[in-house]
Each structure stands twice: as C-alpha cells, then as structure tokens.
Amino acid sequence: MKFSPISWMINHGIAPHLLMLALLLGGIVMSLVIRKEYMPETTLDRISVRVFYPGASPAELENSIVMPVESALSGLPGISKINTWVYTGRVYVFGELEAGANAQKIYQDAQQAVNRISSFPDGMEKPLVQMDTRIVDVMEIVVHADMDRYSVKRLTEQVRGRLLQSPYISQVKLRGIPAEEIHVEIPQHTLQTYNLTLDKVSSLIKRSVLEKSAGKIKAQNGDILISVDQREFWAQSLAKVPVYSSPEGDQLLLGDIATVKEGFADERNVVTYNGQLSARLNIYRMGDQTPDQIAQSVEQMWPEIEAMLPPNAGIAIVDSDAKNYQKRLGLLLSNAFLGLLLVLCLMSLFLQFKLAFWVVAGIPSAFLGAMLFLPSFDVSINMVSMFGFIIALGIVVDDAIIAGENIFSHIQEGMSYHDAAVQGAKEVAKPLTFAILTNIVAFLPLLLLPGSMKLLFGAIPIVVVLCFLVSWVEALFILPSHLANIKEKKPNVFAQKLARVQQFCHQGMQFFIKEKYSPVLQKTLAWPGLTLALAFVCFTLVMSYAYSGKMGFSLYPKMEGRWVKASFEVSESTPIEQAITMRDKLEQAAEIMFADKNISDDLVSVRSYISDTGVEVALLLVESEEREVSTEQIRIWWREYTQHLPGREKLKFRGARRGSSTVSESSLTIELKHNDSQVLMAATKAASDLLAETDNVVATINGMEDGKPQWKLKLNENGRSLGLDASDLAGQLRSAMYGARAQRQHRLGHQVTTLVRLPENERQSASDIENLMIKTPSGGFAPLGSVATIDKILAPARIVRRKGQRVEKVGAEIIPEQAIPAVMSTVKASIIPELEGRYPGLQISFGGDQEQIAESVSRLELGAGFALAGIYILLAVAFRSYGQPLLIMAIIPFGAVGAILGHMILGLGLSVVSLMGMLALAGVVVNDSLILVEYANQQMQKGENAHRAIFQACQRRFRPIILTTLTTFGGLAPMVFETSKQAQFIVPMAVSLGFGILFTTVVCLLVLPALFIVFNRQKRQPNF
C-alpha cells in the first residue's frame, strides 16, 4: 500500500497535536524575545566620506577634494551610486551599497582608496571614512531654557548623563548646539606693534600648551612615567600663558595682546523651542533594547530630571516611538481580532460550528508558526510586519476552507468523519498546494522594491509567505486530524439555534443560486461576446480614469502626522538678522492663524531651526484623534496667513511624522545636469520661471538663486616685488578669516578647538578685507588691495553632485496634491522640451519623490512580469495545458479594476502602496477561477459540452467561492474601513486586496464562464 503522509497523520492522532503545540508554544516564546520597534528603519547601509576644510568655497572643494574622492570610490565594486553635497568648508560624499554587498570589505577598500589620495590641499582636516549603519531613534527630548547657549548645552549634558545611567539606554546624542571653541582674537594694530602674525601666535601657543611624554625611569620600586603636562583647557587659564619673556624676567601674556574667550564654531545653528534657546537629545535603540524599555526607563527618572532644571528651564518629550508603538499595536491587534471574529461568524453561517471553529483555530497556529521563523529573515515585530499578518488573516483561512469544505461535503454524503477527513484532504492536496504556490509567487516580487521601499515594506512578503507555508501544513496535516476526531453529540440549545440559522442561510443561498444567479448566468453564457465586450468597456473606463491623474499618485499614502513645517531656503551669505526676521514672522503668522481659527488648544509647541542653508518653523500638534482639524488644513491656512511675507514664493509647507526629520522635499522636483556651470545656472533659473507660471504651482524653490559672493585673489606685480608668494597670501588670509588652529583637545567629553584670528569687527565688511594688512617677508605690512587683484564673482552657495556630475534641483509646491500628475504631464510635454531646445546638452530628470515613484513602479512592473510568468508556469504544470492558464489568469487585470474602484469609493488617492496590493492580488484572485475551471474540466471529461460543464461548475462551486471571498474580505474589512488617521499608511494595500477580491469574484462568476465558452468551442480540456 502506498504511503500517504496525510493518512499517517490522521491515523496517528498524537503527531498532529504535538506539531500544533510546537507551533503555538514556539511562536509564543519567540514573540517574547523577538526584536520590537515602531517602524522598520529605512536608512540604507552606505559608505560616507566627510571632509572639513573651514573657509573653503564649494567650488574650491569640488575641484580639490570632491573629484578625487568620487574617482577613488567609483572604482570600488559593490558601490551602486555616489551622491555628494558640498557646502562652505565641508564635504559629504555618500556611496550607497549594492544589495548583498560585503559592507566591511567595501569600507576597508574605501578607507584605503581615500588615504592613497595625495592631492588634497594643505590645511584640510583628515578625511573621515565611516560605515553608516542603521541605528533607530526611538525618542526625542528637548531641553529649553532662557539662558545663553553655553548654559543650555551644559544643562543638556547633565540630562544626557542621567539618561545614560539607565541600563536600557546605551546611546544618546546631543544635537542643536555647535561645537565648542576657544577664540583668541588679536587686532591688527597689536600684531603690527609686536611684529607678530596670527600664525606665529598660534605656533607659540602650540609650543607652550601641550602634553608630551618624556619617557620613564626604571626605579627600584618600579617604573616611573615622566611627561610634561602644560595643557590649558579653559579660556581664562589660556589667557595667562606667556608668549614672550624678556631677559629681565618680564613676561607678555596672551591675555595682554588678545581677547581670549569661550565660543562656538562659526556656523548658524540656532534652535528654539517656544521662543527659548534649546537643544535636543535623541535616544537610540541598540541591540535587543525595545521602545517600551527605553520609555519606562525615562518615565522612572523623569521626576529626578525635572528636579535638575532651574526655574527658567523646561524639558519635553516631543517624539516617542514607545507611545506610538503601543497605540498602533493596539490598533492592529484590535483589527486582527475583529477580522478573526468576522471570519468565524461568516463560516459558522454555512459550515458546522465545530468545523468552522477548527478552521479558524488554524489561523493562530499559522501566525505563531510564522513568527517562529521571523528572526531567521531579520524581521522584527513592527507596524509593517503586523500589517502583514492582517493581510494573511483573510487569505490563509482559504486554505483551511478548501480542505474543510471538501471534508464537510463528504460528511454530508454519509461518510464517517475519519473517512471523510482522509478522502477530502487527499482530494484537495494538489489544488491546495498549487493555490498556495500561486499566492507565494504573487507576493515574492515585493522583495524587488528598491532601496528604502524594500527596507520599509520588505517584511510584508516575508510574513505572508511564512504564514502561507505554515497554513499549508496546518490545512493538510493538522486540520484533517482534528475533524476526523470530532465526536457526534446530541445538539444543545445553542447548536439547535445555530443549525436553524445555518439551514436558513443554506436555503437562502440555494434560492439565490437558483432564482437570481442562474438566470443571469444563462444570459451571459448565451451572449458570451456581449458579456466580454461589456467587461472590456468597464476595464477600459476605470483604467482610463486612473491614468488620467485625477485620483493623484504618490509614493506613500497621505499620513496624518503631528508636525506641520514651514521651510525657507537661504544662502550662507544671508545675514543672520534676516533669517531671524523670517523665523519670527512665520511664528507670528502661525500664532495669529491658531487664534483666528479658534484652534489654539491643538498646538503643543513651536520649534524653530536656523541653519546655514535654511529657516524652518515646525508646529507640534496634539494627537490626530484629539483634534478635528487635519495637518493638511493647517498647512493650507498657514500658507494663506504668510501671503504678505517677502519671498513667500519660496516657502514650503509640509506635514511630517517626526520633528527631527530633515527638511522635506517639494511636491515636485526636477533635476538639471550640464557640463557648463554657467549654462546650468541659466537653465535652472529658466526652469524655475516656467514652473512658476504653471497652474496649481504656488511656490518654486531654486537652490542657485542665492549664490554666495566669492572673491578670487591673484598676486599683482607689487605683491611679488615685496617678496610675497601665493602660499603666504593664502595662509595669512585664512588665518585672519577662519583662524589659525593652535590646538585641539578633549574637554568634558567634547573636542575643543583653539583658533587665533582677528576680532569680528575687523572681518565683517568688504572694506575690512580690502584693507587687511598683509605682512611681507621684510617685516613690513601692506594692505591686501595693494598686493593682489580681486575678482568678485557670485558662486553657488552649495553644490550637489550625482554620479560624478553637478546637479541642480528646482522644486515646486503644488496645491492640491492631486494635481501633481497633471503638473508632471505639463513638465514632460512643454517645459522639458523647451529647456532642452534652449540649452543644448542639458539633461533633465525628475528627482525627489517622483524619482522614487518611477524606480518603484519600474521594479513593480518587473515583479509583475515575474509573478505572471510564475503563475502561468504553475497553472500550466497543474492543468497540463498551454492555453488554460491564460483562461484562468484572464481574471487578474480585473483585480486592478476592483482596487481602483475601492479607492474611488473610499476617497483615497493611488500610491505605490496601492500598486503593491494590486500585485499581491494576482495570486489570490486566480484561486477562485482555478477551482471553477477545474470542476468544469471534470464535467467535460464525463462527456458534457462546454456550456453545460461551466454552468454546473458555477452552481457547484458558488458556495466555496463566495465563502472564501467573504472570509478574505472579512479578515481585511476592519483595516479597510479603519477611520484612525494613523492607519492610513497601510490602508491602501488592504483596500486593493479587499475590493479587488470582491470585484473579481463577480467577474469570476459571470465573465469567466463566458470566456470559457469562447475558449472551448472547438476543444475539450484535460482534467486537473
């Protein structure tokens, strides 16, 4: 007798229970120890090269530093693309790694390649090559006070030190305050009086302030280490260092010729919170630490931290993943429970309650069994992976329904529970296996998503596929054993009432099949051509509407965050006073808006940030459930209240999930490339003007509009005759402007640089620079303007490079956001051709979200091709036919129609997440058509004609098709109709799946039979 694993498991009795117990207990244990986080981290592993050359212009850095570094990195295998940002005095080069690349080897190769570069300019700091790994910020704390910057930093450091005492907190970064420095400022007349230069004073400090080992003495009692320690850590003590001593013993101290004071790095970095100077602390999760552990630790020490603060200071938690994690987890779990309850209720209406119970009981086994294997794929418990379980909820129950319903049919025919379980499970083993394989093939292409999209959503296909595999084991080896051992008992009152309900539902379904469905089916079979034509018209109309752009299309679904931000790009040459004025006006406009709209209670705080390149004002709102006004509405109102501000056309208003996120991208971004920087500048300005004239564009942002004045100096004949050379000139100018670095040492855990330079009032204006006194080799002094010619130009304030070429971005703010596709069409049809015609050699492409959308859609198209090919191969093997798989797969396009109709009904726009649901839908919808065509084939094998065979198949398979559709939609329904604004991030995928399944069920029961008639007019089909 041939061995059958299904029969063996049913006959054994104990093995199925042990297997189920192992899945349940193993999953429970794993759920306690698995890594937990709010959202998966989306930062790609990458190599970074950071170079600091204070005072150097972006153009100078591009030629002397950027190009050699990019050339060195571009030759390394494993680096997919290189992006570079160049600002005044600093360079950031990022090399993104290819998937599966050996990160450690690439890091070592990059370090060696950069170290081999010998053409770097003198005075540049050593390049810092790092492997940027993924660490997760789980909490952000703001310390604010009515104090000076130095006091705010010290207070924040005290709070940071207290936080790090917790065993559950390992890394806390202080941000928002520039690096500390000691400034030694010497006026020019003093330098001339003592015949000194800034470089000479710097050298005197280096020799006088140091720590140096002098060796050791081997004494009888042990070695004695000897060192000279003449370090001075504070400005006050450094001022007492002698710079000159006479033979008579008189000393000239540093403080006698210079003003020595504590200060900060010369950069704009002003962060305020509710009008007070502030700094922020970002707490990161490391290793197995969880958001809950960190939050509980902070909560326990919070009273102690508040007690540390002076009366004029405050502290606030502005973002906590632990709080978000608990709220979203509760939301998803409640949706999962409701879905499970709906599935049980729906099944109980058509199947025996015991059968329905054991079918539903298999779902926890599948979920916990899948959780057992999640760590092997580096998947954590987070909002996205939990959503994967909800998606699987309605689909995996189909496997058990197929097996359970077939076993139930044999029981109704009079077979014993044991025999029905064996026979029913064997009959569905093959179709069930192929059904699960088609589901898996449809979900796996989601792993092809690019970059951060894959990191964010990659957990969904892994979770769903694991659930499918475990549910296959449960449906064929565990469920039949449970059903085989059901004991017949005298029905109690509940069972009798339920039986009457089931009888009513059964009669109602039979009535519907006979009196409603069958007549309509007869007409579709009588007029198959008309049926197919109507279906095609419906498909064309819906898809045309979607492609028209009227529904909008975005990278991610619109999320309701707690932050609304206004940002304004400025040049580094813009005076700080202008930046502060813009910040104050944005804050005042927000204050007036909240008062006029009577929504002041919705505002928690106002945080502002002024940097070298921009001004940003961020409004923190109460939770979305606690207010009636959306962030989108507040964003629109805020823009209206800033119409009077100068430069309002450059303002960007965006919502954000987190407060510490970078300045947001524009609604639409185009990137321009050209080898000639002057042509690129002109093209960028033209592109900005053309975009501003486009409908629905309310603001344009052009990074090249505010160039930075730059002076290029060359020695003239007079300078050369005085003995000066280019190196002397550059060195003295650099020391005067930026400062001559005297020392760099660690103080209280921070690196502190001592700079010797001119006082600020002697390097503020252009005339100060032109009259700067340059010391000649003979000991005299000459004004800068007399020894050098000055070429005054306007240079870019920052440079962006991609793939080794300079890039300029032009951004457009578009209202409403649904108009973005229409504006994109205008850009493609008219703006790009006009610019390319005006400026030969100009390359234009979309950047920002549009670039990611194009890349994601391209990958999904590739994934769809793989999925369809895989499904076709599986069906061709199953049916032993080249043609019938095409018949079964004809239903797949209508899944997209149902998904689009669902978005229209619920008022949702389309996004890449919506497309992901449509792609995953392909494997699910073919299951209904598969069992329908399989039964029709069996009838044709018995001699029935195609018309009679498909008619009988539709009547016989109507109940399992409807049941699987209702249970699948029921499992997804709580998420589909979820009204919480926080769930909108993942709702579109559920909508695509849920409504796609509903619509394709109608198509399967009405349109597919007509197609079957056309397909089988001249032939008969083999059995499954």
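## Burial and overall build

Of the 1024 residues in the protein, 55% are buried. This is a predicted model, and its C-alpha trace spans about 120 × 80 × 60 Å along the principal axes. The protein contains 32 helices and 32 strands.

Contacts between parts of the chain that lie far apart in sequence are well represented here. Counting contacts with a separation of 6 or more, 79% join residues that are 24 or more positions apart.

## Where the chain begins: α1 and α2

Let's start with the pair of helices numbered α1 and α2. Helix α1 covers residues 5–12 and helix α2 covers residues 14–33. Their axes are 5 Å apart and meet at an angle of about 95°. Angles of 65 to 115 degrees count as roughly perpendicular, so α1 and α2 are roughly perpendicular to each other.

On the α1 side, the contact is made by Trp8, Met9 and His12. Their partners in α2 are Ile14, Ala15, Pro16 and Leu19. By class, this contact has six nonpolar residues, one polar residue and no charged residues.

## Enclosed space

Now for the spaces inside the model. The structure holds six cavities of 30 Å³ or more, and the largest cavity has a volume of about 170 Å³. This largest cavity is lined by 16 residues, with Leu191, Thr197, Leu198, Gln732 and Met773 the closest to its centre.

Four elements each give two or more residues to that lining: α6 (188–193), α7 (198–208), α23 (726–737) and β26 (773–775). Sorted by class, the lining of the largest cavity has nine nonpolar, five polar and two charged residues.

## The second largest pocket

If you turn to the open spaces, the second largest pocket holds about 1,400 Å³. Its lining has 42 residues, and those nearest the centre of the pocket are Tyr547, Phe553, Val857, Glu861 and Leu915. Both helices and strands give two or more residues to this lining: the helices are α18 (528–547), α26 (820–838), α27 (848–879), α29 (892–906) and α30 (912–941), and the strands are β21 (668–673) and β31 (843–847).

Which element gives the largest share of the lining of this pocket? That is α27, with 11 residues. The lining of the second largest pocket as a whole has 26 nonpolar, seven polar and nine charged residues.

## Two residues to look at: Gln941 and Arg957

Gln941 belongs to helix α30, one of the helices that give two or more residues to the lining of the second largest pocket. Is Gln941 buried, exposed or partly exposed? Gln941 has a relative accessibility of 47%. Partly exposed residues fall between the 20% and 50% cut-offs, so Gln941 counts as partly exposed. If you follow the chain for 63 residues from Gln941, you reach Cys1004, and the C-alpha atoms of the two residues are separated by 22 Å.

Arg957 sits in helix α31, which covers residues 946–976. Why does Arg957 count as buried? Its relative accessible area is 16%, and buried means under 20%, so Arg957 is buried. Leaving aside residues up to four places away in sequence, Arg957 touches Ile931, Leu932, Glu934 and Tyr935.

Note on methods:
Residues are numbered from 1 along each chain as its sequence is written. This is a predicted model: local features need pLDDT of at least 70, side-chain atom pairs count only at pLDDT 80 or more; totals for chains, interfaces and linings use all residues. Side-chain values use heavy atoms; hydrogens and water are left out. On a 1 Å grid over the protein atoms alone, a cavity is a set of points where a 1.4 Å probe fits but cannot get out, and a pocket is an open set with protein on both sides within 12 Å along at least five of seven lines; lining residues have an atom within 4 Å of a point. Grid points are joined across faces, edges and corners, and a volume is the space filled by probe spheres set on the points. Ala, Val, Leu, Ile, Met, Phe, Trp, Tyr, Cys and Pro count as nonpolar, Asp, Glu, Lys and Arg as charged, and the others, Gly among them, as polar. Buried means under 20% relative accessible area, exposed over 50%, partly exposed in between (1.4 Å probe, protein chains only). Axes are lines fitted to C-alpha atoms, for helices over the stretch in contact, and angles run from 0 to 180 degrees between N-to-C directions. Angles under 35 degrees count as roughly parallel, over 145 as roughly antiparallel, 65 to 115 as roughly perpendicular and the rest as oblique. Contact means heavy atoms within 4.5 Å.
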